[in-house]
Amino acid sequence: MKRITWGRAAAIGVCASIVPAVPAVAAHPSAPADGKAVTYHGAYRSLPGDRPSSDSTAAAATPAPDDTAKPSQGVTPEEIRKAQEAERYWTPERIRAAVPVDAVRDAGKLPDGQRRAGAAAGNRSAAQPSHPAHAGVATVGVFLIRNDDGSPTPNQFCTASAVTSSTKSLVLTAAHCLKSDKPPRNVAFVPGYRAGASQAGESGETPYGIFPMEQGKVWIDSRYLARTPSDDVDFAFLRVGPNSQGQLLEDAVGRGNSLTSVPAAQLARRDVTVIGYPGGQKTPLQCTNDTKAFQGRFMEITCAGYRSGVSGGPFLESFDGSRGNLVGAIGGYRTGGASDDVSYTSQFDNDVFRLYHQAVDDAAPDTVNPLGSASTWQHATGLTTGRFHTDSVRNGTGDLIVRWSDGEVSLYPGNRRYGFAKDIQLAKKDGPWKQAKVVTAGEFTGNTTDDLLVRWADGKLTLYKDVNETNKLTQAVQLKGPNDTWTHALGLTAGRFGGGNTRRDDLVVRWSDGEVTLYTNVDGKGLHAEKRLEKRNTTWPHARDIAAGNFATESGDQDLFVAWSDGEVTVYENTGAKGLTAAAERRLRPAKSAWRNTGLAVSGAFGGGTRQDDLIARWPGGQLVMYGDTTTKSLGREIVLVPPQIS
């Protein structure tokens, strides 16, 4: 099931002076989510799902550099003047002296121009030997940046590649190459760059010329521009002007590389070529090896010697020596890798196609809802919250786990601002999780990372320890085997309900006959002390959703939130001590309120501190709404996370 869909939203600024123009634009579909890779060859208005014609897929020959080349059609004298200005600034001496962007930003941490030293790579294959491409690669070049950030070495560079499009002028690099406190100047692309002085019969260091970036023509995903950049979207498109001979980029170098989608299930690929310009070398380094998936959202390749400077360099399939199918760009995890011999790229999924089409259409970047669309949320069958992601555990933020009707399970990390980041898949669709009936989260094993407790269709009760983006759902402990009794457990919520410690390890269970029980101090060994909160009755079968939270007090034992089938909404204060008595009950909504139409209500700490007082409820039409800072007196302010689907 496709999780991330997108829609147009307000335009955003991309770095002080890098602000895109905003003409009218038609929306394009995203890359397909059916598990098939699709290569886009750049025919105007052709879509990722279309099959290109045979002539568009034929490899375009790279034109020989020619000092008498004719200007491309439509190029203006002003554009040629700007290219001449770029040539005057980027002299051969300045290009040779430029230093890697990454090395400057990590000054003092990168001895001898190497990339950051990180933890051991683990059980990975040996790095494939790399070799210099002394003659250069026509569609790959140095990406030059003049940074006014006070650096003693303002002339800096990354690697970039030409991408085929109807504009004939698109370049792809890593977004982190352009993320700076101050906007860069004199940004330019030099395709086919090769170090060393010209010799007889050779084309020189800048064989196709220098292509300056058009002012404001850069497309970066807004999530990468956030205070904490999302490494899922570490890529950027730029539109460059012609060279000083008036040639557009693809008229000079031939057809660019073809943007290609990479499904998550196909991050492991055969014979991928990665190219980059290591610092201190300025001759492109080339290596071909198989890739593998890393964390389910990055592509990893082991190639020797990829020091700082290679960021933004292309991952290419079907590489013919000049161009290929573009399946990645060095960046993403740890901005491309923690060592010289292991490189990464963010997955090229819908997000990269979305930016590509905006660049082709010269449209403003849009904001992306990481939660997807209402049509997706109509398929959510279970929600629970807790601290799962490593960052969330560190800062005390709540995350959202969703079980979908097809059995897929997703983790949405909280962003501490009443919102969420892009999902991480914990379980694939059409697996055993289609049989999961009720799920809750708590601190059952005493570690800082929360655990999941699952009741299955056959009554089995399973504890998944320390669920996070790495462990996922691998550490299962069976607390109860298949049985008839627990098939009647229709509601579960874990919290602090008087168990005598500070952990959220007490479990409230609502049964089909209306009985409500409390199990304190649940752990990896099973359920222990049992306390009956309500006998069998005719009222509590109508409690549709129950959730633990801090609605009365900021700390100490927790309260129980209940959404009833008739629309009444109540909170029971300090449930462990006061029980489910009338004296403990606080009504937030009366019977017959609009809440009779909601479902899947949960609570968590999603903003404003670590207090678990932010409610989330799904409404008809797939709408998802948060009620931030709810108390025992009123529901909190309404924040629409996913707008409803309008038919």
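**Exercise 1. The end of helix 6**

Find the residue just after helix 6 that takes a positive phi, and give the angle.

*Solution.* Step 1: go to the position that directly follows helix 6; Asp 362 sits there. Step 2: read its phi, which is positive at about 60°. Helices here are DSSP runs of H or I with at least four residues, strands are runs of E with at least two, and both are numbered from the N terminus.

This is a predicted model, in which local features need pLDDT of at least 70, side-chain atom pairs count only at pLDDT 80 or more, and totals for chains, interfaces and linings use all residues. Residues are numbered from 1 along each chain as its sequence is written, and side-chain values use heavy atoms, with hydrogens and water left out.

**Exercise 2. Length and cover of helix 6**

Compare the reach of helix 6 with the expected span, then decide how many of its residues are buried.

*Solution.* Step 1: count the residues of helix 6; there are 12. Step 2: the expected span is 1.5 Å times one less than the number of residues. Step 3: from first C-alpha to last, helix 6 reaches 16 Å, close to the expected 16 Å. Step 4: check cover. Buried means under 20% relative accessible area, exposed over 50%, and partly exposed in between (1.4 Å probe, protein chains only). By that rule 12 of the 12 residues are buried. Charged and polar residues are among them, including Asp 351, Arg 354, His 357 and Asp 361.

**Exercise 3. The nonpolar cores**

Identify the residues that touch the most other members of the largest nonpolar core, and the helix that gives the most to it.

*Solution.* Step 1: apply the criterion. A nonpolar core is a set of buried Ala, Val, Leu, Ile, Met, Phe, Trp, Tyr and Cys residues joined through side-chain atoms within 4.5 Å. Step 2: the largest such core has 76 residues, and Phe 237, Leu 259 and Phe 348 touch the most other members. Step 3: helix 6 (residues 350-361) gives the most, with six residues. Step 4: look for a second, separate core. That one has 20 residues, including Leu 383, Leu 400, Val 402 and Leu 641.

**Exercise 4. Strand 9 and its partners**

Determine which faces of strand 9 are covered, and which strands pair with it.

*Solution.* Step 1: five of the five residues in strand 9 (residues 236-240) are buried. Step 2: split them by face. In a regular strand the side chains alternate between the two faces of the sheet. Ala 236, Leu 238 and Val 240 lie on one side, with Phe 237 and Arg 239 on the other, and both faces are covered. Step 3: find the partners. Two strands pair if DSSP finds at least two bridges between them. Strand 6 (residues 170-173) pairs with strand 9 in the antiparallel sense over four bridges. Leu 170 stands opposite Arg 239. Strand 8 (residues 211-220) also runs antiparallel to strand 9, joined by four bridges. There, Met 213 has Val 240 as its bridge partner.

**Exercise 5. A four-stranded sheet**

Work out the strand order and the edges of the open sheet that contains strand 27.

*Solution.* Step 1: the order is 26-27-28-29, with antiparallel pairing. Step 2: strand 26 (489-495) and strand 29 (530-534) are the edges, as each pairs on one side only. Step 3: from one strand to the next, the twist averages 25°. Its axes are lines fitted to C-alpha atoms (for helices over the stretch in contact), and angles run from 0 to 180 degrees between N-to-C directions. Step 4: inspect the middle. Strand 27 (residues 506-511) and strand 28 (residues 516-519) are joined by four bridges. Leu 507 has Tyr 519 in strand 28 as its bridge partner.

**Exercise 6. Two more positive phi angles**

Place Asn 186 and Ser 318 in the secondary structure, and classify their exposure.

*Solution.* Step 1: Asn 186 is in strand 7 (residues 185-191). Its phi is positive, about 50°, although it is not a glycine. At 31% relative accessibility, Asn 186 is partly exposed. Step 2: Ser 318 lies in the loop between strand 15 (314-317) and strand 16 (325-329). Its phi is about 55°, again positive in a residue that is not a glycine. At 59% relative accessibility, Ser 318 is exposed.

**Exercise 7. A long-range contact**

List the contacts of His 131 beyond its neighbours within four places in sequence.

*Solution.* Step 1: contact means heavy atoms within 4.5 Å. Step 2: Pro 284, Leu 285 and Gln 286 meet that test. Step 3: His 131 and Pro 284 are 153 residues apart along the chain, yet their C-alpha atoms are separated by 8.5 Å. Step 4: His 131 belongs to strand 3 (residues 131-132).
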